[in-house]
Amino acid sequence: MTAPHAHSAGAAELAALLARVADGDAQAFQQFYDRTSAKLFGITLRILIERQEAEDVLQEVYVSVWRKAATFDPARASPITWVATIARNRAIDRLRARPARAHVPVEAAHDLADTGPAPDAALVSSQDARRLHAALGLLEPRHAAAIRACYFEGVTYEELAVREAVPVGTLKSWVRRGLIRMRGQLEGSEA
């Protein structure tokens, strides 16, 4: 369980960084980016699916944060809610701006080439995914959960440390040890 004061302390730190960004502090902007970019990338990627497009939108979001940091009002929203709303809205705007896809009669499908992976490549990919999940399953539960949160859910180390109520260094150690153990497991299963 996360202590209530730990969550509010993180929000207060982000709010303080935004106040410094509003004054043109590039170092504060970098720190704000470091603490929020993984989460915001996860939001844009979930909406847009395409990685390059999500990265482009993320860049637009941070340009907006740089320009509009002075408009942030901590009385109306937490810093992460404010910036996540910007990211969500930008991603939805990009999604809506995509050209409509033409509808083709089903009869035309016979002449279309399948550009997807060949069945044997899909099989290798699914086998790799099974090996990865099996290696994760062999880790200590807290280490596996930390790796999943950081690498699959886009949670930052700082956010996860608050959620787990542990120091950031401890959390990074969990992830590092887990990845080392997984690498050994995956290399051993290739033989």
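Between which helices does the loop holding Ile49 lie? I looked this up first in the predicted model.

**Entry: Ile49 and Ala165**

I found Ile49 in the loop between α2 and α3. Its relative accessibility is 64%, so I recorded Ile49 as exposed. I then read the backbone angle: phi of Ile49 is near 70°, a positive value in a residue other than glycine. I noted for comparison that most residues other than glycine have a negative phi.

I turned next to Ala165, which lies in the loop between α7 and α8, the latter being residues 168-190. Phi of Ala165 is near 60°, and this too is a positive value in a residue that is not glycine. Ala165 has 51% relative accessibility and therefore counts as exposed, for which the cut-off is over 50%.

**Entry: Thr44**

I followed the contacts of Ile49 back to Thr44, which touches Ile49. Thr44 is found in helix α2. Is Thr44 buried or exposed? Its relative accessibility is 0%, so I entered Thr44 as buried.

I listed what Thr44 touches, not counting residues up to four places away in sequence: Ile49, Ala54, Val57, Ala87 and Ala91. I also checked the polar atoms of its side chain. One polar atom of the Thr44 side chain lies 3.0 Å from the backbone oxygen of Phe41. The backbone oxygen of Ala54 lies 3.4 Å from a polar atom of the Thr44 side chain.

**Entry: helix α3 and Ser64**

I examined α3 as a whole. The helix has 18 residues, and I read 25 Å from its first C-alpha to its last. That span is close to the 26 Å expected at 1.5 Å a residue.

Which residues of α3 are buried? I wrote down Glu53, Ala54, Val57, Leu58, Val61, Tyr62, Ser64 and Val65. To read this list I recalled that an α-helix has 3.6 residues a turn, so residues three or four places apart point the same way. Ala54 and Val57, both on the list of buried residues, are also among the residues that Thr44 touches.

I took Ser64 as a single case. It is found in helix α3. Ser64 has a relative accessible area of 5% and is therefore buried, the cut-off being under 20%. Leaving aside neighbours within four places in sequence, I found Ser64 in contact with Ala69, Ile86 and Arg90.

**Entry: salt bridges**

How many salt bridges are there? I recorded a count of seven, and I describe some of them here.

Glu13 and Arg35 meet through their side chains in a salt bridge, with 2.9 Å from N to O. Glu13 lies in helix α1 (residues 4-22) and Arg35 in helix α2 (residues 26-48), so this pair ties together parts that are 22 residues apart in sequence. Glu13 has 40% relative accessibility and counts as partly exposed. Arg35, at 27% relative accessibility, also counts as partly exposed.

I came back to Arg90, which is in contact with Ser64. Arg90 forms a salt bridge with Glu60, and the closest N and O atoms are 3.8 Å apart. Glu60 belongs to helix α3 (residues 51-68) and Arg90 to helix α4 (residues 79-97), so the pair ties together parts that are 30 residues apart in sequence. I noted Glu60 as partly exposed, with a relative accessible area of 30%. Arg90 is partly exposed, with a relative accessible area of 27%.

My third pair is Arg142 and Glu164, whose closest N and O atoms are 3.7 Å apart in a salt bridge. Arg142 is in helix α6 and Glu164 in helix α7 (residues 157-164); the pair links distant parts of the chain, 22 residues apart. At 39% relative accessibility, I entered Arg142 as partly exposed. Glu164 is partly exposed as well, with a relative accessible area of 30%.

Finally, which residues are joined into one network by salt bridges that share partners? I found these to be Glu60, Arg90 and Arg94.

**Entry: a nonpolar surface patch**

I closed with the surface. Tyr151, Phe152 and Leu179 form a nonpolar patch there. Together these residues have about 310 Å² of accessible area. I placed Phe152 in helix α6, which covers residues 141-152.

Definitions and conventions:
Residues are numbered from 1 along each chain as its sequence is written. This is a predicted model: local features need pLDDT of at least 70, side-chain atom pairs count only at pLDDT 80 or more; totals for chains, interfaces and linings use all residues. Side-chain values use heavy atoms; hydrogens and water are left out. Patches are made of residues with over 30% relative accessible area and no salt bridge: like charges are joined within 9 Å, nonpolar side chains (Val, Leu, Ile, Met, Phe, Trp, Tyr) within 5 Å. Accessible areas come from the Shrake-Rupley method with a 1.4 Å probe; for residues, only the protein chains shown count as cover. A salt bridge is a side-chain nitrogen of Lys or Arg within 4 Å of a carboxyl oxygen of Asp or Glu. Helices (H or I, at least four residues) and strands (E, at least two) are DSSP runs, numbered from the N terminus. Buried means under 20% relative accessible area, exposed over 50%, partly exposed in between (1.4 Å probe, protein chains only). The expected span of a helix is 1.5 Å times one less than its number of residues. Contact means heavy atoms within 4.5 Å. A polar contact is a pair of N or O atoms within 3.5 Å; within protein, one must be able to donate a hydrogen and the other to accept it, and residues adjacent in sequence count only if both atoms are side-chain atoms.
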